[in-house]
Every structure is written in C-alpha cells, then in structure tokens.
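Trainee: I should like to understand how the descriptive terms applied to this structure are justified. May we go through them one at a time?

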Amino acid sequence: IMKKTNVDLKKLYDAVHAADNHFFTVPPIKESIEIFKEVKNWQGLRVLEIGCGLGDLSAMIAAAGASEVIACDYSQSSIMKAKKNYQMKNLKYLCEDFYNLRFDKDFDVIVLQGVLEHFDQPWKSLSYIIENFLSKSGTVINSCPAFYNPRGYIWMTLQLLFDVPMSLTDLHFLDISDFKEYAFKNNLK
C-alpha cells in the first residue's frame, strides 16, 4: 500500500469539489459554527484561513466584521466555488499552497479547520504558519478529528495493525496531548 501525501490529497479535493460530490461525514458548517464562537468579537481583526475549502467559515468571519479575511486553499475547484458563493469587499480567496503566501502584515487570527492532520509534516507546517503569518499577540484556532471514541479506537487499531486507511484524507492522528506537547516545546499557550 502506497502512503498518501498532501499532493495526492490536492488531486482528491479538486476532483470531489469539481464533481459536486458529498464528501464529508460531518457537515463542515457545524464545525465552522463552533470555531466561529472561539472569538467573541471579530470586529477589526485581520484573519487568515488556511485550507478554507468552500469558504463558509471565512465568509462568516467576514460578515462578523473582520477588517480583512484572506482564505486560501490549494484546490482550484474549491476556491472557484467559494468566490462564486461569497463576494464581500473584506474577503479574498486565494488558490495557493500556504508555503507560497507572502504578506506585508501579520494576522490577528489564523484558522485551520480540519487541515493540519492532512499536512505531510503537521508540526513543521504549524511552526512555519506561526512564524510567518501570526502577530505576536495573535491566536491560532485549529480543529482536528477526535479519535478518542469507539469509532476512532477501531480506526486507529485497524490502521496501526493492518495499515487500513483511517480515512480518505487524514494523514496523521493528532490529539490534545500532541498539541499540549507542541505548545510546551514552543513556549506557547
């Protein structure tokens, strides 16, 4: 069995979104609403969403009064749909790998909605994102699938023992202890 990479996932997402297939087991809008609640007041904030998909969350943040929202995804079909569905003057969609992004000013909030577990090197990528895009007093909001439940235990066991893929897109198991360790090692809270 050949291990997937982030490049393989780009092809998958482009194909899925271009064909209008239902892909997610949990509607991402429910997760977007929970992430949206993490900041009490979006007014005047400069926000970067990496892996914005179809753009629902970035549009919610822009509508809540963020001064600027830049949302990027490497899937051309996702970005085309996001641009078609959400047109706001404080919202900009980019089809780009985040490693290629360059900005003159840092962001107050960076959002990663269910994307870090898809990166080839999630911790290296997160460090790059923080070092290159986040203001000194900024906040990163991240969500990842939770595998500490009966379904997750079965998936992890099958994946670890028999190399059965745990999902079509997740390349890593990331849990709260991983994030606590990362934060401790990098002097973050």
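Mentor: In this predicted model, glutamine 76 is found in helix α4, which covers residues 76-85. Its C-alpha atom is separated by 9.6 Å from that of glycine 53, 23 residues apart along the chain.

Trainee: Why is glutamine 76 called partly exposed?

Mentor: Its relative accessibility is 39%. Buried requires under 20% and exposed over 50%, so glutamine 76 falls in between and counts as partly exposed.

Trainee: How do you know that cysteine 52 is not bonded to cysteine 72?

Mentor: A disulfide requires two cysteine sulfur atoms within 2.5 Å. The sulfur of cysteine 72 is the closest to that of cysteine 52, yet it is 6.5 Å away and therefore too far for a bond. Cysteine 95 is likewise in no disulfide, the nearest cysteine sulfur, again that of cysteine 72, being 9.1 Å away. The structure holds zero disulfides.

Trainee: What makes cysteine 52 buried and cysteine 95 partly exposed?

Mentor: Cysteine 52 has a relative accessible area of 7%, which is under 20%, and is therefore buried. Cysteine 95 has 29%, between the 20% and 50% limits, so it is partly exposed.

Trainee: Which element gives the most to the lining of the second largest pocket?

Mentor: That element is β5, with 10 residues. The pocket has a volume of about 850 Å³ and is lined by 25 residues, with Thr139, Val140, Ile141, Leu188 and Lys189 nearest its centre. By class, the lining has 12 nonpolar, seven polar and six charged residues.

Conventions: Residues are numbered from 1 along each chain as its sequence is written. This is a predicted model: local features need pLDDT of at least 70, side-chain atom pairs count only at pLDDT 80 or more; totals for chains, interfaces and linings use all residues. Side-chain values use heavy atoms; hydrogens and water are left out. On a 1 Å grid over the protein atoms alone, a cavity is a set of points where a 1.4 Å probe fits but cannot get out, and a pocket is an open set with protein on both sides within 12 Å along at least five of seven lines; lining residues have an atom within 4 Å of a point. Grid points are joined across faces, edges and corners, and a volume is the space filled by probe spheres set on the points. Helices (H or I, at least four residues) and strands (E, at least two) are DSSP runs, numbered from the N terminus. Ala, Val, Leu, Ile, Met, Phe, Trp, Tyr, Cys and Pro count as nonpolar, Asp, Glu, Lys and Arg as charged, and the others, Gly among them, as polar. Buried means under 20% relative accessible area, exposed over 50%, partly exposed in between (1.4 Å probe, protein chains only).
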